[in-house]
Amino acid sequence: MFANYLPTGAEYFRLLPEMILTAAGTLIMVLEPLTGYRRKRFLGHLALAGLLAALWAAVVAYSSPGPAFNRLIVVDGFATFFRVLVIVVGILTVLSCWDFLARHKAESGEFYSLILFSVVGQCVMVSANELITLFIGLEVSSIATYVLAGYLRDDKRANEAALKYFLLGSFATAFLLYGVAWIYGVTGTTNLVDIRQILESRDVIHPILAVSTAAALMFVGFAFKVSAAPFQIWAPDVYQGAPTPVAAFMSAGPKAAGFAILLRVYLTAFGPIDQSWVPFVWTCALATMVIGNFAALAQNNVKRLLAYSSIAHAGYIMVAVATGTAPGAAAAMFYLAAYAFMNVGAFVVVSHISGRGERKVNIDDLAGLSSRQPLTAALFSVFLLSLIGVPLTGGFFGKFYIFKAAIDSQLYWLTILGLLTSAVAAYYYLRLIVVMYMRPAVDGEEELPPLGGGLKTALWASALGTLALGIFPSAVLNFAGASGAMLVR
Amino acid sequence: MHPITTAHYVALSAALLLIGTLGVLTRRNIVIILMSIELILNAANINLVAFSRYWGPENMNGQIFAIFVITVAVAEAAVGLGILIALFRNKETVQADEIDLLKW
């Protein structure tokens, strides 16, 4: 009688990326004590191979889309888009961490394992079709990221960052779980599609107040994950204290996965009751854009500045969520892809210039970068211009599509205020470019080390991704549009 | 004798949620904050199991979910205590308000 429950080969095939990543992460943990310190880089290459194999698996898994494991996960265009995105962020992080780890004498296998496990969690999150899988994926990703934030365990700031991230993160996740329990209590199911059908059906009387409260409680967890106001206070401290490659990872991967589950839960499961959740997403979007952009103006530490800028970008994406429509979802997906490239790129540059002990992370330390290392300065400028939203970069089309979707949904105020705050944002990004190009280098400054191979590859890949999305946006946008429409089917 | 209904469980769970939230917000000792977070997770567990019983023996989702939550909570507590020990080695404190190197 159990034969009906045994998964078929096709279902395993749909879960292939997660299986490859888990196997690679476990293998690295097993090999770690067997590798001498000088050979740790080998484990990094192994992690890279695992991620590339998973990237391939995520793409081929889309050749047979559909649900798997009793509808616990679903592989559709949306899941594939975000799986590819989070795996690419993992690849960029592994490439960019080698110089950093060598400089801090902290090379070891568990760093790569934790990155892989966090990516596994994010892959499970984005393909979750069920609140149980969603919760497990979220926790697998979060727990690995808590440890990564405190990876330099002799550094007091890293300890503090990890502790703050952990305490606030598990507090927010507990609220998410409480909301999930209520959704189950009211609807009797944890499957997102079934929840939608129950909320749609008129013959079932469901207490709308209980569902809205549960949706709000779940929003606490999601908003924390994507660092949206009023749950953004952890982000600047954690990004500042965490190792810079980890900050790059946290600002792109978990954030993309967080927005993916936010979109899937709110558009698919809570689509029929959108009048009850759009108001608080609206408020959250506005508060996030304002707080992120204005707080960034006052920062002198580049890592903190980028943290506030990543809060502001979460606000723009929240505008797309507030539309509650398929074009809004597509715009959010496109923006997250562009954002991942430009933000990881910017953090990678900071990780390169920060030096030993991460002491050189103030804006003044960028002085004369254009003459000291012209290539690094030029690539950093590309990322910053894309973060501003200058045409020919991915950031421009990202903002364009988001505000276009907002206008189509009659969110005029949110659009106007969003454009005004992004004009404010231009000031603090341009300030970095001005310091790099117009202020001479301080005399007696020790030379920056040349860009290492991994770092160079990561920088070029991010720059190419940023520019490709700005010059040829249509392929990604069409794919995002088609898979966004599936969410509100 | 009144039978224990789902409403009783839900009330108990709401009380635990409230106690846990107050604990996180008012206590300064990080170990107690961790315990308070566990209380909230267990509040959700009580809800899940109670709702599972409410929906009848055909619907076991809630009970299975509770088992997963217990597992995840253990992993989370282990990592949390590990982070706390790493911090204690460097700073010799478990008071949340003394951890102020990075400005809030």
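**Entry 1: Phe219(A)**

I take helices to be DSSP runs of H or I of at least four residues, numbered from the N terminus. On that basis I placed Phe219(A) in helix H9 of chain A, which spans residues 208-225. I note at the outset that I am working with a predicted model.

I then looked up the exposure of Phe219(A). Its relative accessible area is 5%, and the limit for a buried residue is under 20%, so Phe219(A) counts as buried. For its surroundings I set aside the neighbours within four places in sequence. The contacts that remain are Leu262(A), Tyr266(A), Phe280(A), Val281(A), Cys284(A) and Met318(A). I also recorded the separation from Phe175(A): 44 residues in sequence, and 8.8 Å in space from C-alpha to C-alpha.

**Entry 2: confidence**

I noted the scores of the model as ipTM 0.95 and pTM 0.95. For chain B I found an average pLDDT of 91, with 98% of the residues scoring at least 70.

**Entry 3: salt bridges**

I searched the whole structure and obtained 12 salt bridges over all chains. I followed several of them in chain A.

The side chains of Glu32(A) and Lys40(A) form one salt bridge, with an N to O distance of 3.3 Å. I found both Glu32(A) and Lys40(A) to be buried.

Arg41(A) pairs with Glu107(A), and I read 3.2 Å between their closest N and O atoms. Arg41(A) belongs to helix H3 (residues 40-61) of chain A, while Glu107(A) sits in the loop between helix H4 (77-103) and helix H5 (109-126), so the salt bridge ties together parts that are 66 residues apart in sequence. The two partners fall into separate exposure classes in my notes: Arg41(A) is partly exposed, at a relative accessible area of 30%, whereas Glu107(A) is buried, at 11%.

I next examined Asp237(A) and Lys164(A), whose closest N and O atoms are 3.0 Å apart in a salt bridge. Here too distant parts of the chain are linked, as Asp237(A) lies in helix H10 (residues 234-241) and Lys164(A) in helix H7 (residues 156-187), 73 residues apart. Both Asp237(A) and Lys164(A) are buried. I traced the shared partners further and arrived at one network that joins Glu160(A), Lys164(A), Asp237(A) and Arg304(A).

**Entry 4: chain A against chain B**

How many residues of chain A are in contact with chain B? I found 44 residues of chain A in contact with 44 residues of chain B. The area buried between the two chains is about 4,000 Å², and carbon and sulfur atoms give 78% of it. Glu160(A), Tyr178(A) and Tyr184(A) supply 17% of the area that chain A buries against chain B, more than any other three residues. I noted that Glu160(A) is also a member of the salt-bridge network above. Between chain A and chain B I counted 0 salt bridges.

**Entry 5: a nonpolar surface patch**

I located a nonpolar surface patch of about 560 Å², made by Ile407(A), Tyr412(A), Trp413(A), Ile416(A) and Leu420(A). Which helix gives the most to the nonpolar patch? Helix H18 (residues 412-438) of chain A does, with 4 residues. Trp413(A) has its place in helix H18. Its relative accessibility is 59%, and the limit for an exposed residue is over 50%, so I entered Trp413(A) as exposed.

Note on methods:
Residues are numbered from 1 along each chain as its sequence is written. Chains are lettered from A and ligands numbered from 1 in the order in which they are written. This is a predicted model: local features need pLDDT of at least 70, side-chain atom pairs count only at pLDDT 80 or more; totals for chains, interfaces and linings use all residues. Side-chain values use heavy atoms; hydrogens and water are left out. A salt bridge is a side-chain nitrogen of Lys or Arg within 4 Å of a carboxyl oxygen of Asp or Glu. Buried means under 20% relative accessible area, exposed over 50%, partly exposed in between (1.4 Å probe, protein chains only). Helices (H or I, at least four residues) and strands (E, at least two) are DSSP runs, numbered from the N terminus. pLDDT is the predictor's confidence in each residue, from 0 to 100. Patches are made of residues with over 30% relative accessible area and no salt bridge: like charges are joined within 9 Å, nonpolar side chains (Val, Leu, Ile, Met, Phe, Trp, Tyr) within 5 Å. Accessible areas come from the Shrake-Rupley method with a 1.4 Å probe; for residues, only the protein chains shown count as cover. Contact means heavy atoms within 4.5 Å. Buried area is the accessible area (1.4 Å probe) that two parts lose on being put together, summed over both.
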